[in-house]
Amino acid sequence: MQGVLPTVGVMALATRTGRRPSTLATLWRSTVGKKTVMAVTGVIMLLYLVAHMLGNLKIFFGSTEFNGYAYWLRTIGEPALHYSWFLWIVRVVLVAAVVFHGVAAYQLSRRDLGARPTAYAHRRPRAGYATRTMRWGGIILALFIVWHLLDLTTLTVNPRGEAGHPYQNVVADFRNWYADAIYIVAMLALGLHIRHGLWSAAQTLGANSARRDAALKFTANALALVLTAGFVAVPVSVMTGVVS
Amino acid sequence: MRLTLRIWRQRGPEQPGTMTAYEVDGISEDMSFLEMLDTLNERLILDGDEPVAFDHDCREGICGACGMVINGQAHGPERTTTCQLHMRHFSDGDTIDIEPWRAAAFPVVKDLVVDRSAFDRIIGSGGYVTAPTGSAPEAHATPVPKPVADTAFEHAECIGCGACVAACPNGSAMLFTSAKVVHLNVLPQGAPERESRVLDMVGTMDAEGFGGCTNTGECAVACPKGIPLQSIATMNREFLRAARRAPR
């Protein structure tokens, strides 16, 4: 009897051949799930950019209003939150979004490049410009974020660099041709990135369908155009003397 | 018609290969692309040379066996299979580049023949329904709404030729896998395996070394059966749903 029981036990165990990994593990381990991470973090960053662009435009109402707006941002959530805590929460979320977006993009790109080891001898133009430049565009944007934080957040490379006076810092900054050039190039890269990225995110999240495709493409193009124009308006206005 | 063909010649799986030029003459514009290659092969055989190896079977555009990259386009310039591509789409004196599907998951077997058994393994991991065998069931036993049947048919058109993988800059099999997943997941007959199907097929697709989707849309342009790009969005939706809901 004792010799038979363990055999029965093994057979009974074999009924369940293994458990599926958790939802998060399923997502991170698959190409589809990793793209979902990119889509969600991309949308988080995009929503932030819309708020950032609208805030930037307050520069056209003068120094007092712009600096006051910058101060107000630090008081959001008071008295529940301490001074500037809201801003720090946003920064932590954004850094996490950038890191996850970048790591997923790097891992997927490595995989994608490895999946087509031999190029075709007969080359022809493929896909749209925005689609083809997603990887390089992403690298340009990552480098720009570092520059942008050093320039207007930590004020390390800002020519004026006076904390609490963002209006004056912005104006001093954009009087330099190289600051304008860096900013405008990055914003054009941003526009292209969003043009493909927003539609692509909808596709990845399963929100696209034959019926919605045209509307989603239009939205992505419109938002890319509005964001680029809104951001570029600031350095152009400083260069032309509209803002001084 | 007189043509110059530049064809990828490779003796075997791990052998080096090269683009080799051939002149063919007397090509009728009514010939299919494969008949044009047959003409070349007859001459090569008579000359004692090795004929160009390529896959083909039904030659009426429904089996998915044939496929080659013609002038950088999977199945050539028309939206059809290589067997249904006719020489009238080319001009006298043209130089035509002919290459095999290029993807890590589709290793070259010989010349223009690639090993597409990775597709079979994706199908094997979930591209089926569990159904009792025996006599055919009563057709009205399981009602299927017309729009659902249309969606299933649209995706069932996929013949698994691999043009989507060949056209994709990432060598991704997302369009193929999505066609199979959507075809079965929309039908009531496919409902019992709805979650496991998409999780397992995507898992096998990744394990076979296909790349991920960057939504370039090249696959849907190359597809001879017109599987729409939005199928990938539908599969993504099914995958995200299954990742949350699959029994563990």
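# Exercises on a predicted two-chain model

Chain B holds an open sheet of five strands, ordered S2-S1-S5-S3-S4, and its pairing is mixed. Keep in mind that this is a predicted model. Let's work through it together.

## Exercise 1: The edges of the sheet

Task: Find which strands of chain B stand at the edges of the sheet, and explain why one side of each is left without a neighbour.

Solution.
- Step 1. Read the order from end to end: S2-S1-S5-S3-S4 in chain B.
- Step 2. The edge strands are S2 (17–24) and S4 (73–74) of chain B.
- Step 3. Each of these two has a single partner strand, so one of its sides has no neighbour in the sheet.

## Exercise 2: Parallel or antiparallel?

Task: For S1(B) with S2(B), work out how many bridges join them and whether they run parallel or antiparallel. Do likewise for S1(B) with S5(B), and for S3(B) with S5(B).

Solution.
- Step 1. S1(B) and S2(B) are antiparallel, with eight bridges between them. A hairpin of six residues makes the connection from S1(B) to S2(B). Across this pair, B:Thr4 faces B:Glu23 of S2(B).
- Step 2. Strand S1 (residues 3–10) of chain B runs parallel to S5(B), and four bridges hold the pairing. Two examples can be followed in the structure: B:Leu5 is bridged to B:Ile96 of S5(B), and B:Arg6 is bridged to B:Asp97 of S5(B).
- Step 3. Strand S3 (residues 69–70) of chain B is antiparallel to S5(B), through two bridges. Here B:Val69 has B:Glu99 of S5(B) as its bridge partner, while B:Ile70 is opposite B:Ile98 of S5(B).
- Step 4. Put the pairs together: S1(B) with S5(B) is parallel, whereas S3(B) with S5(B) is antiparallel. That fits the mixed pairing of the sheet.

## Exercise 3: One leucine in its surroundings

Task: Locate B:Leu40 in its helix, and explain why B:Leu40 is classed as it is from its C-beta neighbours.

Solution.
- Step 1. B:Leu40 belongs to helix H1 (residues 33–46) of chain B.
- Step 2. B:Leu40 has 19 C-beta neighbours inside 10 Å, so this residue counts as partly exposed. The cut-off for buried is 20 or more.
- Step 3. Look beyond the neighbours within four places in sequence: B:Leu40 contacts B:Leu5, B:Tyr22, B:Val24 and B:Val52. One of these contacts, B:Leu5, also has a bridge to B:Ile96 in S5(B).
- Step 4. Now try a distance: from B:Leu40 to B:Asp55 there are 15 residues in sequence and 15 Å between the C-alpha atoms.

## Exercise 4: Checking a helix by its length

Task: Test whether the distance between the end C-alpha atoms of helix H5 (residues 85–114) of chain A agrees with the expected span.

Solution.
- Step 1. H5(A) has 30 residues, and at 1.5 Å a residue the expected span is 44 Å.
- Step 2. In the model the end C-alpha atoms of H5(A) are 43 Å apart, which agrees.
- Step 3. Next, look for the buried residues of H5(A): they are A:His101, A:Ala104, A:Ala105, A:Leu108, A:Arg111 and A:Asp112.
- Step 4. Helix H3 (31–56) and helix H7 (134–152) of chain A are what these buried residues pack against.
- Step 5. A general point helps in reading such a list: an α-helix has 3.6 residues a turn, so residues three or four places apart point the same way.

## Exercise 5: Two domains in chain B

Task: State where the domains of chain B begin and end, and how many residues of each are in contact with the other.

Solution.
- Step 1. The domain assignment gives domain 1 (3–109) and domain 2 (116–245) of chain B.
- Step 2. Their C-alpha centres are 29 Å apart.
- Step 3. Where they touch, 18 residues of domain 1 of chain B contact 16 residues of domain 2 of chain B. The domain 1 side is made of nine nonpolar, seven polar and two charged residues.

## Exercise 6: Where the chains touch

Task: Find how many residues of each chain are in contact with the other, and which element of chain B gives the most.

Solution.
- Step 1. The contact involves 41 residues of chain B and 37 residues of chain A.
- Step 2. In chain B, strand S5 (95–99), helix H6 (194–207) and helix H8 (230–245) each give two or more residues to this side. H8(B) gives the most, with ten residues.
- Step 3. By class, the chain B side has 17 nonpolar, 16 polar and eight charged residues.
- Step 4. Finally, look at the confidence values: the complex has an ipTM of 0.92 and a pTM of 0.92, and chain B has an average pLDDT of 96.

Conventions:
Residues numbered from 1 in each chain as written. Chains lettered and ligands numbered in written order. Predicted model: local features only at pLDDT ≥ 70, side-chain atom pairs only at ≥ 80, totals over all residues. Contact = placed C-beta atoms within 7 Å. Nonpolar A, V, L, I, M, F, W, Y, C, P; charged D, E, K, R; others polar. pLDDT = per-residue confidence, 0-100. Domains from an automatic or database assignment. Expected span 1.5 Å × (residues − 1). Buried ≥ 20, exposed ≤ 12 C-beta atoms within 10 Å, placed from the backbone. Pairing = 2+ DSSP bridges.
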